[in-house]
Amino acid sequence: MDSPAMIDTLDDLDVEGTTVGVRVDVNSPIDDDGTLADDARLRAHVDTLAELIERGGRVAVLAHQGRPGGDEFVSLESHADRLSELLGQPVGYVDATFSDAAREAVRSLENGECVVLENTRFYSEEYMEFEPERAAQTHLVTGLAPVLDAYVNDAFAAAHRSQPSLVGFPTVVPGYAGRVLESELDVLGTIEETPEPRVYVLGGAKVPDSIDVAWSILEKGLADHVLTAGVVGNVFLIADGVDLGDASSDFIYDQGYWDEIDRAADLLDAYGDRIALPRDVAVSRDGNRHVLGVNALPPRGDEAAMDIGDLTLEYYQRILDDAGTVILNGPAGVFEQSEFERGTRELYSAATDAPTSIVGGGDTASALRRLGIEGFSHVSTGGGAALRMLTAEPLPAVTVLENGHRN
Ligand SMILES: Nc1ncnc2c1ncn2[C@@H]1O[C@H](COP(=O)(O)OP(=O)(O)OP(=O)(O)O)[C@@H](O)[C@H]1O
Ligand SMILES: O=C(O)[C@H](O)COP(=O)(O)O
(Lines give C-alpha, C1' and ligand atoms only; values in the text may rest on other atoms or scores of the structure.)
(Ligands and ions follow the chains in the order given, each with its own letter.)
Protein backbone atom coordinates (compact mmCIF):
# COMPACT_ATOMS: atom_id res chain seq x y z
CA MET A 1 0.00 0.00 0.00
CA ASP A 2 1.24 3.49 -0.82
CA SER A 3 2.48 5.60 2.04
CA PRO A 4 -0.17 7.71 3.76
CA ALA A 5 2.34 10.55 3.51
CA MET A 6 1.11 11.04 -0.06
CA ILE A 7 -2.25 12.23 1.19
CA ASP A 8 -2.93 15.82 2.16
CA THR A 9 -4.06 16.19 5.76
CA LEU A 10 -5.62 18.99 7.82
CA ASP A 11 -2.12 20.43 8.11
CA ASP A 12 -2.34 21.24 4.38
CA LEU A 13 -5.78 22.87 4.54
CA ASP A 14 -6.34 26.59 4.96
CA VAL A 15 -9.45 26.19 7.10
CA GLU A 16 -10.54 29.74 8.07
CA GLY A 17 -13.75 30.61 6.20
CA THR A 18 -13.64 27.38 4.16
CA THR A 19 -16.79 25.29 3.75
CA VAL A 20 -15.71 21.72 4.41
CA GLY A 21 -17.73 18.54 3.85
CA VAL A 22 -16.48 16.09 6.48
CA ARG A 23 -17.29 12.42 5.93
CA VAL A 24 -17.26 10.64 9.29
CA ASP A 25 -18.27 7.09 10.23
CA VAL A 26 -20.72 7.26 13.11
CA ASN A 27 -22.51 4.05 12.16
CA SER A 28 -23.51 2.94 15.66
CA PRO A 29 -25.69 0.52 17.61
CA ILE A 30 -29.24 1.92 17.85
CA ASP A 31 -31.81 1.57 20.67
CA ASP A 32 -35.38 0.35 20.10
CA ASP A 33 -36.58 3.98 20.05
CA GLY A 34 -34.33 4.72 17.05
CA THR A 35 -31.74 6.78 18.93
CA LEU A 36 -28.03 6.20 19.53
CA ALA A 37 -27.17 3.38 21.91
CA ASP A 38 -23.42 4.00 21.93
CA ASP A 39 -21.41 7.12 21.10
CA ALA A 40 -17.90 5.67 20.74
CA ARG A 41 -17.70 6.34 17.03
CA LEU A 42 -18.83 9.93 17.51
CA ARG A 43 -16.19 10.47 20.19
CA ALA A 44 -13.53 9.24 17.78
CA HIS A 45 -14.25 12.12 15.39
CA VAL A 46 -14.35 14.91 17.99
CA ASP A 47 -10.70 15.87 17.47
CA THR A 48 -11.11 16.33 13.73
CA LEU A 49 -14.37 18.26 14.03
CA ALA A 50 -13.18 20.41 16.95
CA GLU A 51 -10.01 21.29 15.07
CA LEU A 52 -11.94 22.37 11.98
CA ILE A 53 -14.35 24.41 14.11
CA GLU A 54 -11.58 26.06 16.14
CA ARG A 55 -9.71 26.95 12.96
CA GLY A 56 -12.80 28.78 11.67
CA GLY A 57 -14.13 26.21 9.20
CA ARG A 58 -17.77 25.93 8.16
CA VAL A 59 -18.40 22.26 8.74
CA ALA A 60 -21.00 20.06 7.00
CA VAL A 61 -20.96 16.52 8.39
CA LEU A 62 -21.77 13.60 6.08
CA ALA A 63 -22.32 10.07 7.35
CA HIS A 64 -24.27 6.84 6.91
CA GLN A 65 -26.15 4.88 9.56
CA GLY A 66 -27.19 1.24 9.13
CA ARG A 67 -28.15 -0.49 5.93
CA PRO A 68 -31.39 -0.06 3.95
CA GLY A 69 -34.09 -2.31 5.41
CA GLY A 70 -32.17 -2.92 8.63
CA ASP A 71 -33.23 -2.06 12.20
CA GLU A 72 -30.40 0.45 12.53
CA PHE A 73 -31.28 2.38 9.36
CA VAL A 74 -32.30 5.61 11.09
CA SER A 75 -31.94 9.38 10.85
CA LEU A 76 -28.84 11.19 12.13
CA GLU A 77 -30.84 13.57 14.33
CA SER A 78 -29.81 11.92 17.61
CA HIS A 79 -26.21 11.76 16.37
CA ALA A 80 -26.30 15.55 15.87
CA ASP A 81 -27.66 16.06 19.41
CA ARG A 82 -24.89 13.93 20.87
CA LEU A 83 -22.21 15.65 18.77
CA SER A 84 -23.44 18.94 20.10
CA GLU A 85 -22.84 17.72 23.67
CA LEU A 86 -19.43 16.27 22.79
CA LEU A 87 -18.27 19.42 20.99
CA GLY A 88 -19.73 21.74 23.62
CA GLN A 89 -21.50 23.95 21.10
CA PRO A 90 -24.75 23.80 19.09
CA VAL A 91 -24.61 21.47 16.11
CA GLY A 92 -27.35 21.89 13.52
CA TYR A 93 -29.21 19.06 11.81
CA VAL A 94 -31.11 19.12 8.54
CA ASP A 95 -33.21 16.21 7.26
CA ALA A 96 -31.74 16.50 3.77
CA THR A 97 -28.38 15.64 2.19
CA PHE A 98 -28.13 17.28 -1.23
CA SER A 99 -31.41 19.13 -1.87
CA ASP A 100 -32.04 22.90 -1.78
CA ALA A 101 -32.64 22.58 1.97
CA ALA A 102 -29.26 20.91 2.47
CA ARG A 103 -27.42 23.43 0.28
CA GLU A 104 -29.11 26.29 2.10
CA ALA A 105 -28.14 24.86 5.51
CA VAL A 106 -24.52 24.60 4.35
CA ARG A 107 -24.43 28.03 2.69
CA SER A 108 -25.76 29.70 5.82
CA LEU A 109 -22.98 28.34 8.07
CA GLU A 110 -20.77 30.98 9.72
CA ASN A 111 -17.10 30.38 10.56
CA GLY A 112 -16.85 27.83 13.38
CA GLU A 113 -20.35 26.42 12.88
CA CYS A 114 -21.30 22.81 12.17
CA VAL A 115 -24.34 21.08 10.68
CA VAL A 116 -25.09 17.36 10.32
CA LEU A 117 -26.74 16.39 7.03
CA GLU A 118 -29.12 13.44 6.79
CA ASN A 119 -28.05 9.76 6.53
CA THR A 120 -26.40 9.48 3.12
CA ARG A 121 -27.85 5.99 2.64
CA PHE A 122 -31.39 7.35 2.60
CA TYR A 123 -30.55 7.80 -1.11
CA SER A 124 -30.17 4.56 -3.04
CA GLU A 125 -27.07 5.55 -5.01
CA GLU A 126 -25.08 5.81 -1.79
CA TYR A 127 -25.52 2.11 -1.11
CA MET A 128 -23.92 1.21 -4.46
CA GLU A 129 -20.24 0.92 -5.27
CA PHE A 130 -18.82 2.92 -8.20
CA GLU A 131 -15.56 3.93 -9.79
CA PRO A 132 -14.73 7.43 -8.47
CA GLU A 133 -15.52 9.22 -11.77
CA ARG A 134 -18.96 7.61 -11.90
CA ALA A 135 -19.53 8.27 -8.20
CA ALA A 136 -18.84 11.94 -8.91
CA GLN A 137 -21.87 12.00 -11.23
CA THR A 138 -24.38 10.81 -8.61
CA HIS A 139 -27.15 13.10 -7.35
CA LEU A 140 -25.51 13.27 -3.94
CA VAL A 141 -22.19 14.56 -5.25
CA THR A 142 -23.47 16.80 -8.05
CA GLY A 143 -26.06 18.25 -5.65
CA LEU A 144 -23.78 19.02 -2.72
CA ALA A 145 -20.28 19.51 -4.15
CA PRO A 146 -21.05 23.03 -5.54
CA VAL A 147 -21.40 24.39 -1.99
CA LEU A 148 -18.20 22.74 -0.69
CA ASP A 149 -14.72 24.25 -0.94
CA ALA A 150 -12.99 21.16 0.47
CA TYR A 151 -13.71 17.58 1.48
CA VAL A 152 -12.24 15.84 4.51
CA ASN A 153 -12.47 12.08 4.85
CA ASP A 154 -12.28 10.96 8.46
CA ALA A 155 -14.37 7.82 7.89
CA PHE A 156 -11.67 5.19 8.12
CA ALA A 157 -14.30 2.60 9.10
CA ALA A 158 -16.02 3.00 5.72
CA ALA A 159 -12.88 3.46 3.59
CA HIS A 160 -13.26 -0.04 2.09
CA ARG A 161 -16.51 1.04 0.41
CA SER A 162 -16.32 2.72 -3.01
CA GLN A 163 -19.52 4.67 -2.39
CA PRO A 164 -20.30 8.22 -3.61
CA SER A 165 -19.80 10.08 -0.35
CA LEU A 166 -16.40 8.38 0.02
CA VAL A 167 -14.93 8.44 -3.49
CA GLY A 168 -17.15 10.88 -5.44
CA PHE A 169 -16.53 14.12 -3.54
CA PRO A 170 -12.72 13.94 -3.53
CA THR A 171 -12.84 13.43 -7.29
CA VAL A 172 -14.29 16.92 -7.79
CA VAL A 173 -13.35 18.80 -4.61
CA PRO A 174 -9.85 19.00 -3.00
CA GLY A 175 -9.66 16.09 -0.55
CA TYR A 176 -7.84 15.74 2.79
CA ALA A 177 -7.50 13.03 5.42
CA GLY A 178 -8.97 13.82 8.84
CA ARG A 179 -7.12 12.96 12.04
CA VAL A 180 -8.80 9.55 12.51
CA LEU A 181 -8.02 8.42 8.97
CA GLU A 182 -4.46 9.70 9.27
CA SER A 183 -3.71 7.85 12.51
CA GLU A 184 -5.39 4.60 11.42
CA LEU A 185 -3.30 4.54 8.24
CA ASP A 186 -0.17 5.14 10.29
CA VAL A 187 -0.86 2.28 12.69
CA LEU A 188 -2.40 -0.28 10.34
CA GLY A 189 -0.11 0.27 7.36
CA THR A 190 2.59 -1.99 8.80
CA ILE A 191 0.91 -5.40 9.05
CA GLU A 192 3.74 -7.21 7.27
CA GLU A 193 6.11 -6.06 10.02
CA THR A 194 4.06 -7.48 12.94
CA PRO A 195 5.31 -10.58 14.81
CA GLU A 196 4.36 -14.06 13.59
CA PRO A 197 2.54 -16.35 13.88
CA ARG A 198 -0.46 -14.18 12.96
CA VAL A 199 -3.91 -15.27 14.04
CA TYR A 200 -7.04 -13.64 12.62
CA VAL A 201 -10.30 -14.01 14.54
CA LEU A 202 -13.29 -13.50 12.24
CA GLY A 203 -16.59 -13.23 14.10
CA GLY A 204 -19.64 -11.00 13.81
CA ALA A 205 -22.32 -10.98 11.17
CA LYS A 206 -20.81 -9.52 7.97
CA VAL A 207 -20.11 -12.89 6.39
CA PRO A 208 -19.27 -11.85 2.79
CA ASP A 209 -16.70 -9.30 4.01
CA SER A 210 -15.10 -11.85 6.34
CA ILE A 211 -14.88 -14.47 3.60
CA ASP A 212 -13.27 -11.95 1.22
CA VAL A 213 -10.72 -11.13 3.89
CA ALA A 214 -10.08 -14.80 4.69
CA TRP A 215 -9.34 -15.57 1.03
CA SER A 216 -6.95 -12.70 0.79
CA ILE A 217 -4.97 -13.30 3.98
CA LEU A 218 -4.73 -17.04 3.41
CA GLU A 219 -3.70 -16.68 -0.24
CA LYS A 220 -1.04 -14.11 0.64
CA GLY A 221 0.30 -16.15 3.54
CA LEU A 222 -0.42 -13.32 6.00
CA ALA A 223 -2.50 -15.56 8.29
CA ASP A 224 -1.13 -18.61 10.06
CA HIS A 225 -4.55 -19.33 11.57
CA VAL A 226 -8.09 -18.04 10.99
CA LEU A 227 -10.41 -18.66 13.94
CA THR A 228 -14.09 -18.42 13.04
CA ALA A 229 -16.88 -17.41 15.42
CA GLY A 230 -20.23 -15.60 15.41
CA VAL A 231 -22.36 -15.92 12.29
CA VAL A 232 -19.14 -16.39 10.30
CA GLY A 233 -18.37 -19.49 12.36
CA ASN A 234 -21.91 -20.78 11.81
CA VAL A 235 -21.56 -20.44 8.04
CA PHE A 236 -18.26 -22.36 8.14
CA LEU A 237 -19.83 -25.09 10.25
CA ILE A 238 -22.64 -25.54 7.72
CA ALA A 239 -20.06 -25.50 4.91
CA ASP A 240 -18.26 -28.28 6.77
CA GLY A 241 -21.42 -30.41 6.74
CA VAL A 242 -22.68 -29.69 10.26
CA ASP A 243 -26.47 -29.49 10.65
CA LEU A 244 -26.94 -26.31 12.72
CA GLY A 245 -30.73 -26.63 12.63
CA ASP A 246 -33.49 -24.57 11.07
CA ALA A 247 -33.20 -21.42 13.18
CA SER A 248 -29.54 -20.72 12.33
CA SER A 249 -30.01 -21.77 8.70
CA ASP A 250 -33.07 -19.53 8.32
CA PHE A 251 -31.16 -16.62 9.82
CA ILE A 252 -28.31 -17.05 7.35
CA TYR A 253 -30.77 -17.40 4.47
CA ASP A 254 -32.74 -14.29 5.56
CA GLN A 255 -29.53 -12.25 5.69
CA GLY A 256 -28.92 -13.19 2.04
CA TYR A 257 -25.79 -15.16 2.96
CA TRP A 258 -26.76 -18.60 1.65
CA ASP A 259 -24.28 -18.44 -1.25
CA GLU A 260 -21.52 -17.75 1.24
CA ILE A 261 -21.74 -21.36 2.38
CA ASP A 262 -20.28 -22.52 -0.95
CA ARG A 263 -17.55 -19.91 -0.74
CA ALA A 264 -16.73 -21.05 2.79
CA ALA A 265 -16.60 -24.67 1.56
CA ASP A 266 -14.15 -23.66 -1.19
CA LEU A 267 -11.98 -21.96 1.40
CA LEU A 268 -12.02 -25.06 3.59
CA ASP A 269 -10.97 -27.15 0.58
CA ALA A 270 -8.09 -24.82 -0.22
CA TYR A 271 -6.89 -23.83 3.26
CA GLY A 272 -8.73 -26.04 5.76
CA ASP A 273 -5.53 -26.74 7.71
CA ARG A 274 -5.33 -23.08 8.70
CA ILE A 275 -9.04 -22.47 9.41
CA ALA A 276 -10.41 -23.32 12.86
CA LEU A 277 -14.13 -24.04 13.31
CA PRO A 278 -16.18 -23.96 16.52
CA ARG A 279 -16.30 -27.31 18.36
CA ASP A 280 -19.45 -26.43 20.29
CA VAL A 281 -22.15 -23.75 20.24
CA ALA A 282 -24.49 -22.19 22.80
CA VAL A 283 -28.25 -22.02 22.26
CA SER A 284 -31.08 -20.73 24.42
CA ARG A 285 -32.98 -23.58 26.10
CA ASP A 286 -35.70 -22.87 28.69
CA GLY A 287 -34.38 -19.32 28.89
CA ASN A 288 -30.82 -20.42 29.77
CA ARG A 289 -27.50 -20.85 27.97
CA HIS A 290 -27.20 -24.45 26.84
CA VAL A 291 -24.06 -25.74 25.12
CA LEU A 292 -24.07 -28.47 22.48
CA GLY A 293 -20.98 -30.11 20.97
CA VAL A 294 -21.07 -30.25 17.18
CA ASN A 295 -21.66 -34.01 17.42
CA ALA A 296 -24.86 -33.32 19.40
CA LEU A 297 -26.28 -31.03 16.71
CA PRO A 298 -28.78 -30.14 15.35
CA PRO A 299 -30.43 -28.34 18.24
CA ARG A 300 -34.21 -28.28 18.71
CA GLY A 301 -36.20 -26.53 15.98
CA ASP A 302 -36.29 -22.95 17.27
CA GLU A 303 -32.83 -22.95 18.86
CA ALA A 304 -30.19 -20.90 17.06
CA ALA A 305 -26.41 -21.04 17.63
CA MET A 306 -25.85 -17.74 19.45
CA ASP A 307 -22.31 -18.11 20.83
CA ILE A 308 -19.29 -20.39 20.88
CA GLY A 309 -18.98 -22.84 23.78
CA ASP A 310 -16.21 -23.84 26.24
CA LEU A 311 -14.58 -26.52 24.08
CA THR A 312 -14.15 -23.97 21.32
CA LEU A 313 -12.76 -21.44 23.77
CA GLU A 314 -10.16 -23.93 25.03
CA TYR A 315 -9.21 -24.87 21.47
CA TYR A 316 -8.89 -21.24 20.34
CA GLN A 317 -7.07 -20.26 23.52
CA ARG A 318 -4.32 -22.81 22.72
CA ILE A 319 -3.81 -21.24 19.30
CA LEU A 320 -3.85 -17.71 20.75
CA ASP A 321 -1.24 -18.67 23.37
CA ASP A 322 1.38 -19.05 20.63
CA ALA A 323 0.37 -16.03 18.56
CA GLY A 324 2.75 -13.15 17.86
CA THR A 325 -0.05 -11.01 16.45
CA VAL A 326 -3.80 -11.36 16.88
CA ILE A 327 -6.23 -9.42 14.71
CA LEU A 328 -9.90 -9.56 15.67
CA ASN A 329 -13.15 -8.31 14.18
CA GLY A 330 -16.72 -9.17 15.10
CA PRO A 331 -18.11 -10.52 18.36
CA ALA A 332 -18.01 -14.30 18.95
CA GLY A 333 -21.72 -14.34 19.80
CA VAL A 334 -24.78 -12.26 20.54
CA PHE A 335 -22.98 -10.41 23.34
CA GLU A 336 -25.93 -8.03 23.72
CA GLN A 337 -27.68 -10.85 25.64
CA SER A 338 -25.95 -11.72 28.92
CA GLU A 339 -26.21 -15.50 28.44
CA PHE A 340 -24.31 -15.21 25.16
CA GLU A 341 -21.57 -12.74 26.10
CA ARG A 342 -19.16 -15.38 27.42
CA GLY A 343 -17.55 -16.35 24.10
CA THR A 344 -16.75 -12.76 23.24
CA ARG A 345 -15.55 -11.95 26.76
CA GLU A 346 -13.16 -14.92 27.01
CA LEU A 347 -11.89 -14.96 23.45
CA TYR A 348 -11.20 -11.24 23.35
CA SER A 349 -9.63 -11.23 26.83
CA ALA A 350 -7.30 -14.07 25.79
CA ALA A 351 -6.22 -12.11 22.71
CA THR A 352 -4.94 -9.19 24.80
CA ASP A 353 -2.06 -11.40 26.02
CA ALA A 354 -0.51 -11.57 22.53
CA PRO A 355 2.55 -9.35 21.91
CA THR A 356 0.55 -7.43 19.27
CA SER A 357 -3.25 -7.38 19.37
CA ILE A 358 -5.37 -5.32 16.99
CA VAL A 359 -9.12 -5.16 17.27
CA GLY A 360 -11.73 -3.24 15.31
CA GLY A 361 -15.39 -2.81 14.49
CA GLY A 362 -18.42 -0.81 15.57
CA ASP A 363 -20.21 -3.55 17.52
CA THR A 364 -16.89 -5.03 18.55
CA ALA A 365 -15.87 -1.75 20.22
CA SER A 366 -19.22 -1.58 21.96
CA ALA A 367 -18.76 -5.20 23.15
CA LEU A 368 -15.32 -4.34 24.56
CA ARG A 369 -16.77 -1.44 26.52
CA ARG A 370 -19.78 -3.39 27.73
CA LEU A 371 -17.61 -6.30 28.86
CA GLY A 372 -14.83 -4.05 30.24
CA ILE A 373 -12.05 -5.62 28.14
CA GLU A 374 -8.89 -3.54 27.79
CA GLY A 375 -5.26 -4.09 26.90
CA PHE A 376 -5.17 -4.27 23.09
CA SER A 377 -2.19 -2.77 21.25
CA HIS A 378 -4.61 -0.91 18.97
CA VAL A 379 -8.39 -0.51 18.96
CA SER A 380 -9.35 0.55 15.45
CA THR A 381 -12.48 2.53 14.62
CA GLY A 382 -12.88 0.24 11.60
CA GLY A 383 -13.98 -3.38 11.46
CA GLY A 384 -14.22 -4.41 7.81
CA ALA A 385 -11.95 -1.51 6.82
CA ALA A 386 -9.24 -2.50 9.30
CA LEU A 387 -9.40 -6.09 8.12
CA ARG A 388 -9.19 -5.01 4.49
CA MET A 389 -6.19 -2.88 5.30
CA LEU A 390 -4.62 -5.78 7.14
CA THR A 391 -4.85 -7.80 3.92
CA ALA A 392 -2.36 -5.27 2.54
CA GLU A 393 -4.87 -4.22 -0.13
CA PRO A 394 -5.67 -0.61 -1.06
CA LEU A 395 -8.78 1.02 0.35
CA PRO A 396 -10.75 2.81 -2.41
CA ALA A 397 -11.46 5.91 -0.31
CA VAL A 398 -7.75 6.25 0.44
CA THR A 399 -6.64 5.67 -3.15
CA VAL A 400 -8.87 8.49 -4.37
CA LEU A 401 -7.29 10.88 -1.87
CA GLU A 402 -3.84 9.81 -3.08
CA ASN A 403 -4.85 10.44 -6.70
CA GLY A 404 -6.17 13.94 -5.99
CA HIS A 405 -9.17 15.75 -7.46
CA ARG A 406 -9.83 16.56 -11.08
CA ASN A 407 -8.81 20.15 -12.02
N1 LIG B 1 -24.16 -16.42 16.49
C2 LIG B 1 -24.69 -15.23 16.17
N3 LIG B 1 -25.97 -15.14 15.71
C4 LIG B 1 -26.50 -13.92 15.38
N5 LIG B 1 -25.85 -12.75 15.49
C6 LIG B 1 -24.58 -12.79 15.95
C7 LIG B 1 -23.94 -14.01 16.31
N8 LIG B 1 -22.69 -13.72 16.73
C9 LIG B 1 -22.55 -12.38 16.64
N10 LIG B 1 -23.69 -11.82 16.18
C11 LIG B 1 -23.98 -10.39 15.98
O12 LIG B 1 -23.01 -9.78 15.16
C13 LIG B 1 -23.16 -8.39 15.32
C14 LIG B 1 -21.88 -7.66 15.05
O15 LIG B 1 -21.30 -8.08 13.83
P16 LIG B 1 -20.50 -7.08 12.86
O17 LIG B 1 -19.91 -7.95 11.81
O18 LIG B 1 -21.38 -5.95 12.43
O19 LIG B 1 -19.34 -6.54 13.81
P20 LIG B 1 -18.67 -5.10 13.90
O21 LIG B 1 -17.72 -5.12 15.03
O22 LIG B 1 -19.74 -4.03 13.95
O23 LIG B 1 -17.90 -4.99 12.55
P24 LIG B 1 -18.04 -3.82 11.44
O25 LIG B 1 -17.54 -2.57 12.07
O26 LIG B 1 -17.24 -4.32 10.29
O27 LIG B 1 -19.50 -3.71 11.15
C28 LIG B 1 -23.66 -8.18 16.74
O29 LIG B 1 -24.86 -7.44 16.72
C30 LIG B 1 -23.90 -9.60 17.28
O31 LIG B 1 -25.10 -9.76 18.03
O1 LIG C 1 -19.61 -0.42 10.50
C2 LIG C 1 -18.88 -0.47 9.50
O3 LIG C 1 -18.09 -1.42 9.29
C4 LIG C 1 -18.89 0.70 8.54
O5 LIG C 1 -19.69 1.74 9.01
C6 LIG C 1 -19.33 0.27 7.16
O7 LIG C 1 -20.67 -0.18 7.20
P8 LIG C 1 -21.20 -1.18 6.08
O9 LIG C 1 -20.53 -2.51 6.34
O10 LIG C 1 -22.69 -1.23 6.27
O11 LIG C 1 -20.80 -0.62 4.74
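A residue is counted as near a molecule if one of its heavy atoms lies within 4 Å of that molecule. In the present model, which is predicted, the residues that surround ligand 2 under this criterion are Asp 25, Asn 27, Arg 41, His 64, Arg 67, Arg 121, Ala 157, Arg 161 and Lys 206. Divided by class, the shell around ligand 2 holds 6 charged residues, together with 2 polar residues and 1 nonpolar residue.

Polar contacts to ligand 2 are made by the side chains of several arginines. In the case of Arg 161, a polar side-chain atom is placed 2.6 Å from an oxygen atom of ligand 2, while for Arg 121 the separation between a side-chain N or O atom and an oxygen atom of ligand 2 is 2.7 Å. The side chain of Arg 67 likewise brings a polar atom to 2.8 Å from an oxygen atom of ligand 2. Of the 310 Å² of accessible area that ligand 2 has on its own, 94% is covered by the protein.

Ligand 1 is surrounded by 22 residues, of which Lys 206, Glu 336, Gly 362, Asp 363 and Thr 364 are the closest; Lys 206 is also listed among the residues around ligand 2. The shell around ligand 1 comprises 11 polar, 7 nonpolar and 4 charged residues, and at least two of its residues are supplied by each of helix 10 (230-239) and helix 15. Among the side chains in polar contact with ligand 1, Glu 336 has a polar atom 2.7 Å from a ligand oxygen atom, Asn 329 has a polar atom 3.3 Å from an oxygen atom of ligand 1, and Arg 41 has a side-chain N or O atom at 3.4 Å from such an oxygen. Taken alone, ligand 1 exposes 640 Å², and 87% of that area is buried by the protein.

An unreviewed UniProt entry lists Arg 41, Arg 121 and Arg 161 under "binding site". Of these residues, Arg 41 is included in the lining of the second largest pocket. Arg 41 is located in helix 1, and this arginine also belongs to the residues around ligand 2.

The second largest pocket has a volume of about 230 Å³ and is lined by 16 residues, with Ala 40, Ala 365, Arg 369, Val 379 and Ser 380 lying nearest its centre. Helix 1 (40-44), helix 15 (362-371) and strand 15 (378-380) each provide at least two residues of this lining, and the greatest contribution, 4 residues, comes from helix 15. By class, the lining of the pocket consists of 7 nonpolar, 6 polar and 3 charged residues.

Some backbone features of the model also deserve description. Most residues other than glycine have a negative phi, and most peptide bonds are trans. Against this background, the peptide bond from Glu 196 to Pro 197 is cis, with omega near -5°, and Pro 197 is situated in the loop between helix 8 (179-188) and strand 7 (198-202). A cis peptide bond also joins Leu 297 to Pro 298, where omega is about 10°; Pro 298 falls in the loop between strand 11 (288-293) and strand 12 (307-308). Asp 286, although not a glycine, has a positive phi of about 50°, and this aspartate is found in the loop between strand 10 (280-285) and strand 11.

Notes. Residues numbered from 1 in each chain as written. Chains lettered and ligands numbered in written order. Predicted model: local features only at pLDDT ≥ 70, side-chain atom pairs only at ≥ 80, totals over all residues. Heavy atoms only, no water. 1 Å grid on protein atoms, 1.4 Å probe; cavity = no way out; pocket = protein on both sides within 12 Å on 5 of 7 lines; lining within 4 Å. Points joined across faces, edges and corners; volume = space filled by probe spheres on them. Nonpolar A, V, L, I, M, F, W, Y, C, P; charged D, E, K, R; others polar. Polar contact = N/O pair within 3.5 Å; in protein donor to acceptor, adjacent residues only side chain to side chain. Areas by Shrake-Rupley, 256 points an atom, 1.4 Å probe, with all protein chains shown as cover. UniProt positions renumbered as here; feature names shortened; annotations may be inferred.
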